[in-house]
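Work through the exercises below with the sequence and the structure at hand. Each task is followed by a solution in steps.

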Amino acid sequence: MALDGIMIKALKKELCQTLTDARIHKIAQPQPDELFISFKTKDSIKKLILCANASLPYVCLTEENKTSPLTAPNFCMFLRKHIGGGKLVDITQPSLERILCFHIQHYNELGDPCQFQLYVEIMGKHSNIILCDENDTILNAIKHIPASLSSVREVLPQRKYFIPNTMDKKDPLSYAKDVSNASAFAADILEIAKPLYIALSDAFTGFGRDVGQELCHRAEVDADRPANTCTIEEQLRLFTVFTAFVQEIRKEQFCPHIVYDHDKPVSFGAFYETRYSNLTVSTDLTPSEVLLLYYQKRAHYTRMHEQNADLRKIVQTSLERAVRKYDLQLNQMKDTEKRENYRIYGEILTAYGYEVAPGAAKATLTNYYTDEPLTIPLDPTLSAIDNAKRYFDKYAKCKRTYEALTEQMKETSSEIEYLQSVQTSIELATSPKDLSEIKKELTQSGYIRLRSTEKKGKARNEKSEPLQFVSSDGFTIYVGKNNYQNDYLTFQLASAQDWWFHAKKMPGSHVIVKTEGKEMTDRTFEEAASLAAYFSKGQADQKVDIDYLKRKDVKKPNGAKPGFVIYYTNYSMTASPADAMPLLKQVSHI
């Protein structure tokens, strides 16, 4: 979700409690659109990030340091001159706008006390950081916006600072006081044909689309239906939920949280979101911790997605080509299905050819295999024996084609399975080292050609490690993240009596449980199976069938591709990928 006005209000509360009356210790500008300010409080140094990045704007406290350029940018020097050493007396938020105003007391060049306002606007591509004097006259900004870029507001020195009001939205805090019944609420908000959740978010300042979805879920109303089609009962429920929600905001009863789908962050907010009751919700966090964790996780997934884009494209292209090839071979195989008919035609004509009249286009003879009449098409220009020879030739050709296609289809099917396993490995990759191993595997398999410069240069020996877990009963469990790791775990690390797990008939990781000669518990079997389900193509499914057996019964055919194994005797069980979540917490980088 976006960083909306409600989350900004929760953040303002945290910053007020932490930074009020603190003095600005240091100001740095690590990035062109980012400030890093250290505040000296009575007890310690607090660090604040102000980021006006167009795609990822946020404000939060942090424990980490930021590397600054050797030469400070002009805006940074300007801030050091005017507010460096100043005292932060208050932090305010206009209504529920995505704006924080830091009120700073300092002295001007003549030594007289004065006040500055540092506005931080968290508004997507319109995000900015603006320093104003006590009269709200703009002194400088991290992004200058001339009239040529915006017809609504110029952000330039000596211009008057104001908040654009182009959306004509209502302040929910004051609106809830003025409107006392559902019919008035419906007349103001619900008389348009927009989807209900959009109508709510468009009507109120600080309400994002996720807030609209949440209000509809709490009121048990379909969020996608047109707002003007709500019944009286639904309007009443929605109004009741809305007023209760605004009361929560007014009382600042915040519950900062992050929602995870498995381990991927999908949402965050200042209030508990009931519509995500089936997902994992992490609470007991401050607003700053929520933003840092969420954006770091999202940045990690985004970065990994960008880095593996080329690999995904190579594998997808190769897979599509292999599937087309298999379909073509399948059609060719259908053409060989008549080969036995050709053989029988030839044999019957050889046996009863004397009964065939010269120049006949067909002949009906007795099929001595079934003792039934059999009509055989003939070439009138050929004799019965020559027709028989023609059918034997067709049979021989179809037989050769069948035998060749059988082997080719086996190879193509194996290639499809292999490429699907690589696709799964790419999805399971959690670091650049994982991707480097997959790229190496694809190179050795012939799907990637090295450039001449790469051939001459030294090979990068980046090796990632398999994932390691400890079961509730103390057994060590290993999970491979790619085919190289799968081979290593199964045929080098595991001993004959260790247990091997894998998702049934789908790409996935090899999971090894080290027994160390001990009897494995039922709970460990279940936990290992849940990991095999989670690290497979069926990760998003409710249930996944898992094969498991002793490692000694797993074999690798000669010349088989990485990760490919065969087994003939196994046990099976059903596992849920969601049951792996307690174990996944052991690994921080997943």
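Two strands count as paired if DSSP finds at least two bridges between them. The model used here is predicted.

**Exercise 1. The open sheet**

Task: Give the strand order of the open sheet of three strands, and explain why one side of β11 and of β12 is left without a neighbour in the sheet.

Solution:
- Step 1. The order is β11-β10-β12, and the pairing is antiparallel.
- Step 2. β11 (264-269) and β12 (280-282) are at the edges with a single partner strand each, so each has one side that no strand of the sheet adjoins.
- Step 3. From one strand to the next, the twist averages 25°.
- Step 4. β10 (residues 257-261) is joined to β12 by three bridges. Opposite Ile 258 stands Ser 282 of β12.

**Exercise 2. The span of a helix**

Task: Compare the expected span of helix α9 with the distance between its end C-alpha atoms, and state what its buried residues pack against.

Solution:
- Step 1. Helix α9 covers residues 309-335, which is 27 residues, and at 1.5 Å a residue it should span 39 Å.
- Step 2. The end C-alpha atoms lie 40 Å apart, in agreement with that value.
- Step 3. The buried residues of α9 include Leu 311, Val 315, Leu 319 and Ala 322.
- Step 4. α11 (384-428) and α12 (432-444) are what the buried residues of α9 pack against.

**Exercise 3. Two cysteines**

Task: How many disulfides does the structure hold, and are Cys 101 and Cys 132 buried or exposed?

Solution:
- Step 1. A disulfide requires two cysteine sulfur atoms within 2.5 Å.
- Step 2. For the sulfur of Cys 101, the closest cysteine sulfur is that of Cys 132, at 7.7 Å, which is too far for a bond.
- Step 3. The structure holds zero disulfides.
- Step 4. Buried means under 20% relative accessible area. Cys 101 has 2% and is buried; Cys 132 has 0% and is buried as well.

**Exercise 4. A covered strand**

Task: Which residues of β17 point one way and which the other, and which strands pair with β17?

Solution:
- Step 1. In a regular strand, side chains alternate between the two faces of the sheet.
- Step 2. On one side of β17 are Trp 499, Phe 501 and Ala 503, while Trp 500 and His 502 point the other way.
- Step 3. Five of the five residues of β17 (residues 499-503) are buried.
- Step 4. β17 pairs with β18 (residues 511-514) in the antiparallel sense over three bridges, with Ile 512 as the bridge partner of Trp 500.
- Step 5. Five bridges, also antiparallel, join β17 to β19 (residues 544-550), where Tyr 548 is the bridge partner of Phe 501.

Note on methods
Residues are numbered from 1 along each chain as its sequence is written. This is a predicted model: local features need pLDDT of at least 70, side-chain atom pairs count only at pLDDT 80 or more; totals for chains, interfaces and linings use all residues. Side-chain values use heavy atoms; hydrogens and water are left out. Helices (H or I, at least four residues) and strands (E, at least two) are DSSP runs, numbered from the N terminus. Axes are lines fitted to C-alpha atoms, for helices over the stretch in contact, and angles run from 0 to 180 degrees between N-to-C directions. The expected span of a helix is 1.5 Å times one less than its number of residues. Buried means under 20% relative accessible area, exposed over 50%, partly exposed in between (1.4 Å probe, protein chains only). Contact means heavy atoms within 4.5 Å.
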